[in-house]
Amino acid sequence: MKSDLFSTGNMAQPAAVPGMTLQNAKSIKYAVNGEMHARQGSMIAFRGNLQFERKGQGIGGMLKRAVTGEGLPLMAVRGQGEAWFAHEAANCFIVDIEQGDALTINGRNVLCFDATLSYEIKTVKGAGMTGGGLFNSVFTGYGKLGVICEGSPVVIPVSHQQPVFVDTDAVVGWSAQLHTSLHRSQSIGSMIRGGSGEAVQLKLEGEGFVIVRPSELTPQKVSQN
């Protein structure tokens with residue numbers, strides 16, 4: 001049988017080393033030798049001796065998820081084998097986190113990560129009750145984090161001289177050491193008259209970076225989480 005479908009770029013190859021690698025732009029392969037974590041429902045295939053178990057977040061984490069929708073429902077994957085992860089054909093990226101690093105990521109953008117990473121849901125300071133930026137997932141420790149993004153992300157440097165303002169529905173993540181607050185770009189009168197629809201943004205100050213996606217979260221996407 002012959003087809004471009006069977007090209008080398010599409011064929012799954014045996015893993016050379018344990019851990020996370022990009023299978024292609026839309027999926028991540030993880031060679032499991034022990035334990036790793038992934039978002040529930042993201043496994044698309046596996047081979048070998050693997051067990052999948054729902055992972056609890058504790059009472060506080062589950063409460064935050066119920067109220068905000070920003071929690072991260074996880075599963076633990078244990079054993080020896082290979083598993084592939086993806087979510088709605090979103091673009092996949094691997095972030096290497098080192099000791100001393102702290103990365104804040106929206107829960108909806110987390111795909112999978114090493115068990116050596118610590119994960120905690122935290123309140124985004126200054127975010128008030130806006131929909132996209134109330135609670136985020138903060139990763140520390142060392143290891144690899146698989147991130148997903150609808151479309152190609154834009155990474156914008158943040159400096160003390162140049163703070164960055166982002167739509168709370170478009171933000172993917174940022175350096176956790178950045179200071180966050182809300183910025184209102186319209187007057188009350190402008191909002192009553194209709195305005196631009198971009199009344200409030202998340203302001204990030206300090207030294208680091210922010211990751212945004214080239215679209216806003218739609219109400220349909222919110223309801224599916």
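In the predicted model, S42 is buried, with a relative accessibility of 0%. The residue sits in the loop between strand 2 and strand 3. A polar atom of the S42 side chain lies 2.8 Å from the backbone oxygen of R39. Leaving aside residues up to four places away in sequence, S42 touches M75, W84, F85, A86 and L111.

Strand 2, which spans residues 27-39, is mostly covered, with ten of its 13 residues buried. Strand 2 runs antiparallel to strand 1, and the two are joined by five bridges. In this pairing, L22 has I28 of strand 2 as its bridge partner. The connection from strand 1 to strand 2 is a hairpin through two residues. Strand 2 is also antiparallel to strand 4, and twelve bridges join these two strands. Within that pairing, A31 has E82 of strand 4 as its bridge partner. A further antiparallel pairing links strand 2 to strand 7 (residues 110-114) through three bridges. Here H37 stands opposite F113 of strand 7. In a regular strand, side chains alternate between the two faces of the sheet.

Side chains of opposite charge can pair when their charged atoms come close. Seven salt bridges are found in a search of the whole structure. One of the pairs is E82 with K29, in which the closest N and O atoms are 3.9 Å apart. Because E82 belongs to strand 4 (residues 74-85) and K29 to strand 2, this salt bridge ties together parts that are 53 residues apart in sequence. E82 has a relative accessibility of 9% and is therefore buried. K29 is likewise classed as buried, at 8% relative accessibility.

R78 and E53 form another salt bridge, with a distance of 2.7 Å between the closest N and O atoms. R78 lies in strand 4 and E53 in strand 3 (residues 43-55), so this pair ties together parts that are 25 residues apart in sequence. R78 is partly exposed, its relative accessible area being 30%. E53 is also partly exposed, with a value of 43%.

A salt bridge is also present between the side chains of K203 and E205, with an N to O distance of 3.6 Å. The relative accessible area of K203 is 22%, so the residue is partly exposed. E205 counts as partly exposed as well, at 30% relative accessibility. Elsewhere, K29, R47 and E82 are joined into one network by salt bridges that share partners.

On the surface, M1, L5, F6 and M11 make a nonpolar patch of about 500 Å². L5, one of these residues, is placed in the segment before strand 1 (19-24). The relative accessibility of L5 is 55%, and the residue therefore counts as exposed. By contrast, S42 is buried at 0%.

How values were computed
Residues numbered from 1 in each chain as written. Predicted model: local features only at pLDDT ≥ 70, side-chain atom pairs only at ≥ 80, totals over all residues. Heavy atoms only, no water. Salt bridge = Lys/Arg side-chain N within 4 Å of Asp/Glu carboxyl O. Helix = DSSP H or I, 4+ residues; strand = E, 2+ residues; numbered from the N terminus. Buried < 20%, exposed > 50% of the residue type's maximum accessible area, 1.4 Å probe, protein only. Patch = residues over 30% accessible without salt bridge, like charges linked within 9 Å, V, L, I, M, F, W, Y side chains within 5 Å. Areas by Shrake-Rupley, 256 points an atom, 1.4 Å probe, with all protein chains shown as cover. Polar contact = N/O pair within 3.5 Å; in protein donor to acceptor, adjacent residues only side chain to side chain. Contact = heavy atoms within 4.5 Å. Pairing = 2+ DSSP bridges.
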